[in-house]
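Trainee: I would like to learn how the words used for a structure follow from its values. Could we go through some of them together, one step at a time?

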Amino acid sequence: MQLNQISVRPILKQEEPKYQDLMEAQHYLGAIPKIGETLWYVVYSETEWIALISFSAAALKCAARDSWIGWSYRHQTGRLKLIANNSRFLILPTRHDKNLGSRLLSLCLKRLSNDWVEKYGHPILLVETFVDPKRFHGGVYRASNWQAIGYTKGFRRVTDGYSAQTEHKKLIFVKPLHRRAQSVLSHTILSHHFLLGEVKMKITRHQMRSLPDFFKEINDPRRAQGRRHRIQTVLGIAAGAVLCGMRSYESIFDWAESLSQKSRAHFRCRYDKGRYVIPSLSIFRNILVRVDPNELDAAFNAWNKAYAQDDNSLAIDGKVMCNAIDESGRQTQIMSAVGHTTGICYAQKK
């Protein structure tokens, strides 16, 4: 058989039982269920199945991989979908052709990101896999220019999280599918080319200038002594960050830190030694925790009346606020009304 006669395609729905039966019978780890974002491939020549390959969601935690990427913990969760895990790789026992394994991987990876976009709406920038060194030395991955970056710690996933005892460690290989995968994944702000489908909007220069005006009547909860940034600037930047998809104190600060000098001027940041300076992370957290929520809600409603006129319908959505406990000891739940077109939150109620 000539290697150039081999083809790769995703498994069809009606072929999934056959795929699972073969994987269960032939692979030492057995079959794997479809959990989260998953693609199964079959490698074939004419009508003969030669190999089965599975790509699944990336490992939630992997210290060696995270260190290699260089991202911070607050970026990791939201960007894991840009990584796929080669969870199964099975060459059926009827085939022992030279260089077959590396050829199969190459064919799969050439189409993997495009197939992921078609099915899940976003690309794949990096592929990872774990190799048991007691069974294999990873020669196929090495021959395909995958990079060995270290070992796992030996814990495995169980129903309630991770096992209490470590098992033998596995060798970790990674393969970038984008030439700047490390810098894209670790950058403070994710490029718009790789957005993962969250509701976001862009704000204009005029909106940057106007946002602080809507917060200037809010009472400042800080002591008068030592205030370096006006409350309308802090809340204006925070509101702009949330409108652009930021969802935590850290991501709000990261967004603010990425603002150009012109944008910082639009938000009326403090001017010091020839540069506009943004508030620190602690200032954002301190004000957002202590500001009067009713005054804040009134300011948001005023902004909505001025700018949110493009929505013909609203979506009603409820969220449980992680790590937020109310006076009765229960987790805080928020009901929100969000515009379909603009993604703007018109109102929310605890």
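Trainee: Why does Ala-143 count as exposed?

Mentor: Please keep in mind that this is a predicted model. The relative accessibility of Ala-143 is 54%, and exposed means over 50%, so Ala-143 counts as exposed. The residue belongs to helix α5, which covers residues 139-143, and its C-alpha atom is separated by 9.5 Å from that of Arg-103, although the two are 40 residues apart along the chain.

Trainee: And what makes Cys-62 and Cys-269 count as buried?

Mentor: Here the cut-off is under 20% relative accessible area. Cys-62 has 6% relative accessibility, so Cys-62 is called buried, and because Cys-269 has a relative accessible area of 5%, Cys-269 is called buried as well.

Trainee: How many disulfides does a search of the whole structure find?

Mentor: The search finds zero disulfides, where a disulfide would need a pair of cysteine sulfur atoms within 2.5 Å.

Trainee: Why is α8 called roughly perpendicular to α11?

Mentor: Helix α8 (residues 231-243) and helix α11 (residues 281-290) pack at an angle of about 95°, and their axes are 10 Å apart. Angles of 65 to 115 degrees count as roughly perpendicular, so that term applies to α8 and α11.

Trainee: Which residues of α8 and α11 meet, and how do they divide into nonpolar, polar and charged?

Mentor: On the α8 side there are Ile-231, Val-234, Leu-235, Ile-237 and Ala-238, and they meet Ile-283, Phe-284, Ile-287 and Leu-288 of α11. Nine residues of this contact are nonpolar, while no polar and no charged residues take part.

Trainee: What makes β1 and β6 stand at the edges of the sheet?

Mentor: The open sheet has seven strands in the order β1-β2-β3-β4-β5-β9-β6, with mixed pairing. Because β1 (7-10) and β6 (147-151) each have a single partner strand, one side of each is left without a neighbour in the sheet. Neighbouring strands are turned by 30° against each other on average, if direction is ignored.

Trainee: How do you know that β1 and β2 pair, and in which sense do they do so?

Mentor: At least two bridges are needed for pairing, and β1 and β2 (residues 39-45) have four bridges, so they pair, in the antiparallel sense. Within this pair, Pro-10 stands opposite Tyr-41 in β2. Helix α1 (residues 16-26) also packs on the sheet, where it touches β2, β3 (48-57) and β4 (83-91), and its direction makes about 90° with that of β3.

Notes. Residues are numbered from 1 along each chain as its sequence is written. This is a predicted model: local features need pLDDT of at least 70, side-chain atom pairs count only at pLDDT 80 or more; totals for chains, interfaces and linings use all residues. Side-chain values use heavy atoms; hydrogens and water are left out. Axes are lines fitted to C-alpha atoms, for helices over the stretch in contact, and angles run from 0 to 180 degrees between N-to-C directions. Helices (H or I, at least four residues) and strands (E, at least two) are DSSP runs, numbered from the N terminus. Angles under 35 degrees count as roughly parallel, over 145 as roughly antiparallel, 65 to 115 as roughly perpendicular and the rest as oblique. Contact means heavy atoms within 4.5 Å. Ala, Val, Leu, Ile, Met, Phe, Trp, Tyr, Cys and Pro count as nonpolar, Asp, Glu, Lys and Arg as charged, and the others, Gly among them, as polar. Buried means under 20% relative accessible area, exposed over 50%, partly exposed in between (1.4 Å probe, protein chains only).
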